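Reader: I should be grateful for a close look at the sheet in this model. Please describe how its strands are arranged and what packs against them.

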Amino acid sequence: MYLLSVVVPCFNEEGGLRKLHDALVAALAGRVPEYEVVLVDDGSTDRTLPEARELAALNPRFRYVSLSRNFGKESAMLCGLRHARGDRVAIMDADLQHPPDVLRRMLRVLDSGCDQVVARRDRSGERWGRRAPARWYYRLAARMCAVPLRDGVGDFRVLSRRAVDAVLALPEYTRFSKGLFSWIGFDTAYVSFRDVRRARGASRWSFRSLVDYGVSGLVAFNDRPLRSSLCLGVVTSLLAAGGCAAALAHAAAEGSWSAVHAALTAGVIVVGGLQLLFLGVLGEYLGRIYAETRRRPHYLVKEVGPEPAPDGCHRL
Ligand code: UDP
Ligand code: MG
């Protein structure tokens with residue numbers, strides 16, 4: 001016997017929640033001992049919250065938490081994990097791009113004794129323009145990051161209670177869940193699935209938010225960019241010393257300084273660019289340190305429903 005909690009972050013998912021409800025009930029009813037669904041309304045501006053209320057009234061297995069504004073999927077997931085009461089916790093998207101049938105397969109794999117089962121999509125539904133940069137990014141990340149990040153792996157996963165508790169014990173403010181789930185370790189299994197198109201609406205990812213996410217991934221789990229600035233500094237200093245010596249020798253031989261001026265100007269521009277680049281790298285780390293030191297909550301809750309029973313018991 002176990003209780004499965006399904007955590008679903010939702011941002012402006014009106015119209016899709018009913019479908020999600022039907023798909024989850026069809027996939028889970030009678031096939032898992034007991035389950036609950038925690039919908040986290042991440043400050044939606046459409047009818048997501050009223051729909052979540054309706055679902056909770058309709059089906060006692062559905063609960064919701066509504067945040068005071070849009071805090072982003074990472075915070076919504078954290079909130080869902082904190083509210084999940086299950087011995088096993090699944091995380092999935094509201095748009096049915098994470099098919100509940102795959103969830104059943106993942107639960108079977110978890111039965112075999114591991115602590116995390118991660119779904120891996122094959123990116124077959126993506127344009128080349130998005131697939132190729134993702135591949136390059138993960139190759140770069142594999143070289144740079146201290147924790148393994150795999151292409152096609154997202155937040156669709158099932159965790160044992162001890163894995164959830166391990167993730168919840170990580171206090172960082174700037175969260176990059178993909179890395180955090182990987183960082184905690186434990187036995188992990190992968191399940192592949194074919195890409196599914198969004199049931200409705202459009203993806204919330206803009207180019208900018210993808211770049212932000214990518215930079216977080218590289219910066220959150222390693223200090224190699226800082227180390228590489230040190231190495232590059234040493235290399236450029238050596239090159240500059242060699243260049244100066246060569247320029248002086250050239251000027252002495254030719255009796256003219258014009259070539260030396262040109263070389264110096266080019267050198268100053270290159271070094272200036274490198275300095276700005278590494279100031280940017282420092283800035284990335286500094287911004288994160290600043291966010292951590294403020295110690296603000298990851299999110300604020302506006303409404304939780306339905307209210308838990310006075311004795312704190314779950315209504316299942
Ligand atoms: N989401 C969220 N907060 C946000 C953006 C997205 O809770 O600020 C939810 C969204 O409702 C969905 C999931 O995160 O359930 C994935 O979002 P989306 O489908 O836009 O991303 P994609 O599938 O393109 O990666
Ligand atoms: Mg989606």
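**The sheet and its surroundings**

Author: In this predicted model, the sheet is open and consists of 8 strands, which follow one another in the order β7-β5-β6-β4-β1-β2-β3-β8 with mixed pairing. The edge positions belong to β7 (188–193) and β8 (301–305); each has a single partner strand, so one side of each is left without a neighbour in the sheet. From one strand to the next, the twist averages 20 degrees.

One pairing may be examined in detail. Strands β5 (residues 116–121) and β6 (residues 153–160) run antiparallel and are joined by 4 bridges. Valine 118, for instance, has arginine 157 in β6 as its bridge partner.

Two helices that pack on the sheet may be described next. Helix α2 (residues 48–58) touches β1, β2 (34–41), β3 (62–67) and β8, and the direction of α2 makes about 155 degrees with that of β3. Helix α4 (residues 100–111) also packs on the sheet, where it touches β4 (88–91), β5, β6 and β7. The direction of α4 makes about 155 degrees with that of β7.

Strand β1 also has a part in the surroundings of ligand 1. The elements that give two or more residues to the shell around this ligand are β1 (3–10) and α3 (73–83). There are 16 residues around ligand 1, and those that come nearest are Pro9, Phe11, Ala94, Ser203 and Arg204. Classified by character, the shell comprises 6 nonpolar, 4 polar and 6 charged residues.

Technical notes:
Residues numbered from 1 in each chain as written. Chains lettered and ligands numbered in written order. Predicted model: local features only at pLDDT ≥ 70, side-chain atom pairs only at ≥ 80, totals over all residues. Near = placed C-beta within 6 Å. Nonpolar A, V, L, I, M, F, W, Y, C, P; charged D, E, K, R; others polar. Pairing = 2+ DSSP bridges. Axes fitted to C-alpha atoms, helices over the stretch in contact; angles between N-to-C directions. Contact = placed C-beta atoms within 7 Å.
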